[in-house]
Amino acid sequence: MKLVAAFALVGLLATLASARSLLDIDPARVKSIEEYDRYWRRLPAELQYLRTVEQPTRRITNGQLATAGQFPYQAVVYSEAGDGYYSLCGGTILTTTYVLTAAHCVTDDFDRAVTGGIVFLGATDRTVFQSTQQRMSFGNAGIRVHPQYNSTSIRNDIATVRLDTAAIFNTYVKAIDLPALSDARQFGGFEGTASGFGRTADTVPAASNVLMFVRNPVMTNAQCNAYWSTAVVQAQNVCLDPYGGRSACHGDSGGPLAVQDAGRSLQVGIASFVSANGCTSGAPSVWVRVSYFRDFISQNSNYVFRA
């Protein structure tokens with residue numbers, strides 16, 4: 001079975017003295033989660049040798065720079081990780097008060113919900129306070145992790161986050177659409193768009209300051225399992241074709257895989273994991289299939305699915 005690695009990054013925050021400074025993240029102090037011992041402690045003994053294996057490039061690979069308002073549904077999710085650390089993930093706006101993300105973005109080493117965090121909306125540069133941005137906190141009580149989430153097998157890697165303050169929708173901040181209840185499509189062959197703030201190169205010691213995106217075909221699960229296996233990629237997953245080295249990667253966890261459908265951006269996936277051999281290794285990136293978890297989303301947010 002091939003080793004998989006989550007996309008999340010971890011960053012150290014400075015001591016904070018005011019509400020405004022609480023929302024200012026120093027990008028120079030953001031590090032990849034696999035640089036920290038607590039990431040490796042979760043792996044079984046037979047995989048500990050990977051601590052010393054040189055890691056390949058971690059990034060939105062071969063991506064393009066997003067413009068203001070291009071992805072108004074994109075969220076940046078900073079979750080408290082303990083000891084003054086925060087994890088950096090992506091997310092998508094479901095409603096004015098709920099964000100959708102990956103379970104591993106809002107849980108600790110024991111798969112428990114973290115104590116809280118901060119969400120940025122409307123950001124194309126997460127290092128400055130843009131006029132397009134809205135920033136709000138969330139607490140432990142607002143985190144809903146799938147009850148069957150398992151970080152070892154990476155099953156049911158989905159969560160919702162309730163914001164402490166409601167967002168104001170405008171050109172730069174809008175909700176994503178999700179597949180309707182009657183929509184049974186698997187989306188294989190559709191052009192998929194992945195977006196996020198993952199690393200841009202190994203030589204850059206932090207996640208990307210700016211929002212990037214890539215486009216490639218969504219794969220059928222049969223196509224995806226030509227690389228993976230049915231033990232890893234199941235009905236609850238969807239994959240993005242890695243053709244041309246275009247891929248989401250570490251730092252993009254929890255973010256969206258979207259397709260265009262009848263003039264709307266439709267989210268079909270949530271960034272979950274990639275091969276530990278690297279994001280440009282030729283292995284498809286694997287995402288949570290949104291339509292598989294419509295019941296969970298309905299029960300753990302105020303999002304209303306179209307019939």
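Select glycine 269 in strand β16 and arginine 289 in strand β17: the two residues are bridge partners. The model on display is predicted, and this pair is the starting point of the tour.

**The strands around β16**

Extend the selection to residues 285-289, which make up β17; four bridges join this strand to β16, and the two run antiparallel. Next, select residues 256-261, which form strand β15. Here six bridges make the connection to β16, again in an antiparallel arrangement. One of the partnerships to display is that of proline 256 with isoleucine 270 in β16. β15 and β16 form a hairpin, with two residues between them. In that turn, select alanine 262, whose phi is positive, at about 55 degrees.

Now show residues 264-275, the whole of β16, together with the surrounding chain. Ten of its twelve residues are buried, so the strand is largely enclosed by the rest of the structure.

**Aromatic pairs**

The structure holds eight aromatic pairs. Begin with phenylalanine 71 and tyrosine 73: the ring centres lie 6.0 Å apart and the planes meet at 70 degrees, which makes the pair edge-to-face. Are these two residues buried or exposed? Phenylalanine 71 has a relative accessibility of 8% and counts as buried; tyrosine 73, at 4%, is buried as well. Add Phe213 to the selection, and a cluster of Phe71, Tyr73 and Phe213, linked by ring pairs, comes into view.

Return to strand β16 and select phenylalanine 273, then add tryptophan 228. The centres of these rings are 5.7 Å apart and the planes stand at 90 degrees, so this pair is edge-to-face. Which parts of the chain does the pair link? Tryptophan 228 lies in the loop between α3 (221-224) and β14 (237-240), while phenylalanine 273 belongs to β16; the two are 45 residues apart, and the pair links distant parts of the chain. Tryptophan 228 is buried, with a relative accessible area of 5%, and phenylalanine 273, at 1%, is also buried.

**A charge over a ring**

Select arginine 135 and phenylalanine 120. The charged end of the arginine sits over the phenylalanine ring, 3.9 Å from the ring centre.

**Where to read with caution**

Finally, colour the chain by pLDDT. The average is 81, and 73% of the residues score at least 70. Over residues 8-22 the pLDDT is below 50, although this stretch has 45 contacts in the model beyond near neighbours in sequence. Residues 52-59 also stay under 50, and the model gives them 27 contacts beyond four places in sequence. Where pLDDT is low, the predicted coordinates should not be read in detail.

Conventions: Residues numbered from 1 in each chain as written. Predicted model: local features only at pLDDT ≥ 70, side-chain atom pairs only at ≥ 80, totals over all residues. Heavy atoms only, no water. pLDDT = per-residue confidence, 0-100. Contact = heavy atoms within 4.5 Å. Buried < 20%, exposed > 50% of the residue type's maximum accessible area, 1.4 Å probe, protein only. Pairing = 2+ DSSP bridges. Phe/Tyr/Trp six-rings, centres within 6.5 Å; stacked < 30°, edge-to-face > 60°. Lys NZ or Arg CZ within 6 Å of the ring centre and 35° of its normal.
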